[in-house]
Amino acid sequence: MVEDRRQPHRAPAVGRRALRPGSERTAARLGRGYAAGALGTDTFALRVDTAYRARHGHELRTLTRDLPRRLGDLLYDELTAMLERLRGEQRAGPPAITVALPPDGPGPWLIGRSTGCRLVVDHDTISRYHAELRRTSAGWEIHDLASTNGTRVNGWRVDRADVGVDDELVLGGVRVRLRAAASGSRPRGGRHSTSHGCKM
């Protein structure tokens with residue numbers, strides 16, 4: 001007689017999805033609230049069901065907002081809210097500024113945190129002398145100046161690349177969208193403030 005060594009057949013899980021982190025903890029907090037008499041039976045059952053269906057952390061926090069909270073619960077709520085804010089910032093991407101390409105004039109145009117740069121970008125991820133724009137016969141090119149966090153053009157990390165209107169640079173953790181210089185503009189020595197702590 002030949003022994004059947006195949007694994008037993010398992011039915012696929014239907015209608016199951018991964019629980020949101022925190023669903024079990026929220027259900028436990030609801031259970032404590034029910035045991036303490038803070039929730040009626042129907043309300044408890046409805047909220048537990050909602051906890052297991054929740055898609056966002058703020059939904060879970062709403063379910064226990066009217067219940068007494070222990071110190072551990074308060075710390076957990078603050079921590080999860082902070083992590084969600086950080087994840088939201090990461091999804092949104094780095095801060096962005098729009099910069100006009102320099103008018104015709106002497107160069108190169110230095111970009112960095114140093115006040116000696118033509119475009120001053122006050123951000124922790126930007127090197128003091130991060131990159132420079134150089135005028136060429138064909139237009140403009142950007143050169144990375146051995147910066148700590150690098151320079152990207154349209155998603156590609158570069159040491160040198162041709163750039164023009166509507167190209168997107170990422171200098172360290174700052175996105176820079178290039179636009180055309182204003183018509184009739186002339187080189188000038190002063191700097192004026194732009195958004196995200198940048199000057200030009």
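How many helices and strands does the chain have? There are 4 helices and 12 strands. Keep in mind as you look around that this is a predicted model. Let's start with the chain as a whole, then go through its core, its salt bridges, its aromatic pair and a couple of spots worth a visit.

**The chain as a whole**

- The chain runs to 200 residues, and 34% of them count as buried.
- Take the contacts between residues at least 6 apart in sequence: 48% of these join residues at least 24 apart.
- The accessible surface adds up to about 13,400 Å², and carbon and sulfur atoms account for 52% of that.

**The nonpolar core**

- The largest nonpolar core has 21 residues, and the members that touch the most other members are Ile142, Val163, Leu169 and Val176.
- Plenty of strands chip in here: those giving two or more residues include S1 (96-100), S2 (109-112), S5 (139-144) and S8 (160-163).
- S3, S4, S9 (168-171) and S10 (174-179) are also on that list.
- The top contributor to this core is S10, with 3 residues.
- Want to zoom in on one core member? Leaving out neighbours within four places in sequence, Val163 is in contact with Leu133, Trp140, Glu141, Ile142, Val153, Leu169 and Leu178.

**Salt bridges**

- How many salt bridges does the structure hold? The count is 7, and here are some of them.
- Asp66 pairs up with Arg47, with their closest N and O atoms 2.9 Å apart. Asp66 sits in the loop between helix H3 (57-63) and H4, while Arg47 is in helix H2, so this salt bridge ties together parts that are 19 residues apart in sequence.
- The two partners differ in how much they show: Asp66 is exposed, at 52% relative accessibility, whereas Arg47 is buried, at 17%.
- Arg47 counts as buried because its 17% relative accessibility falls under the 20% cut-off.
- Arg53 and Asp49 make another salt bridge, at 3.1 Å from N to O. They are both in helix H2 and 4 residues apart, so about one helical turn separates them.
- In that pair, Arg53 is exposed, with a relative accessible area of 56%, and Asp49 is partly exposed, at 36%.
- Glu132 and Arg134 also meet through their side chains, this time at 2.4 Å from N to O.
- Is Glu132 buried or exposed? Glu132 is buried, with just 8% relative accessibility, while its partner Arg134 is partly exposed at 32%.
- Glu141, Arg160 and Asp162 are joined up in a network of salt bridges.

**The aromatic pair**

- Searching the whole structure turns up 1 aromatic pair.
- The pair is Tyr34 with Phe44: their ring centres are 4.7 Å apart and their planes are at 15°, so the two rings are stacked. The reasoning is that planes under 30 degrees apart count as stacked.
- This pair links distant parts of the chain, with Tyr34 in helix H1 (residues 23-35) and Phe44 in helix H2 (residues 41-53), 10 residues apart.
- Both rings belong to partly exposed residues: Tyr34 has 35% relative accessibility, and Phe44 has 22%.

**A nonpolar patch on the surface**

- Which residues make a nonpolar surface patch of about 300 Å²? They are Leu71, Leu74 and Leu75.
- Leu74 belongs to helix H4 (residues 71-92).
- With a relative accessible area of 35%, Leu74 is partly exposed.

**A buried serine in a loop**

- Where is Ser127 found? Look in the loop between strand S3 (119-121) and strand S4 (131-136).
- Although Ser127 is in a loop, Ser127 is buried, with a relative accessible area of 11%.
- Setting aside neighbours within four places in sequence, Ser127 is in contact with Gly112, Arg113, Ser147 and Thr148.

Conventions. Residues numbered from 1 in each chain as written. Predicted model: local features only at pLDDT ≥ 70, side-chain atom pairs only at ≥ 80, totals over all residues. Heavy atoms only, no water. Buried < 20%, exposed > 50% of the residue type's maximum accessible area, 1.4 Å probe, protein only. Contact = heavy atoms within 4.5 Å. Areas by Shrake-Rupley, 256 points an atom, 1.4 Å probe, with all protein chains shown as cover. Patch = residues over 30% accessible without salt bridge, like charges linked within 9 Å, V, L, I, M, F, W, Y side chains within 5 Å. Salt bridge = Lys/Arg side-chain N within 4 Å of Asp/Glu carboxyl O. Phe/Tyr/Trp six-rings, centres within 6.5 Å; stacked < 30°, edge-to-face > 60°. Core = buried A, V, L, I, M, F, W, Y, C linked by side-chain atoms within 4.5 Å.
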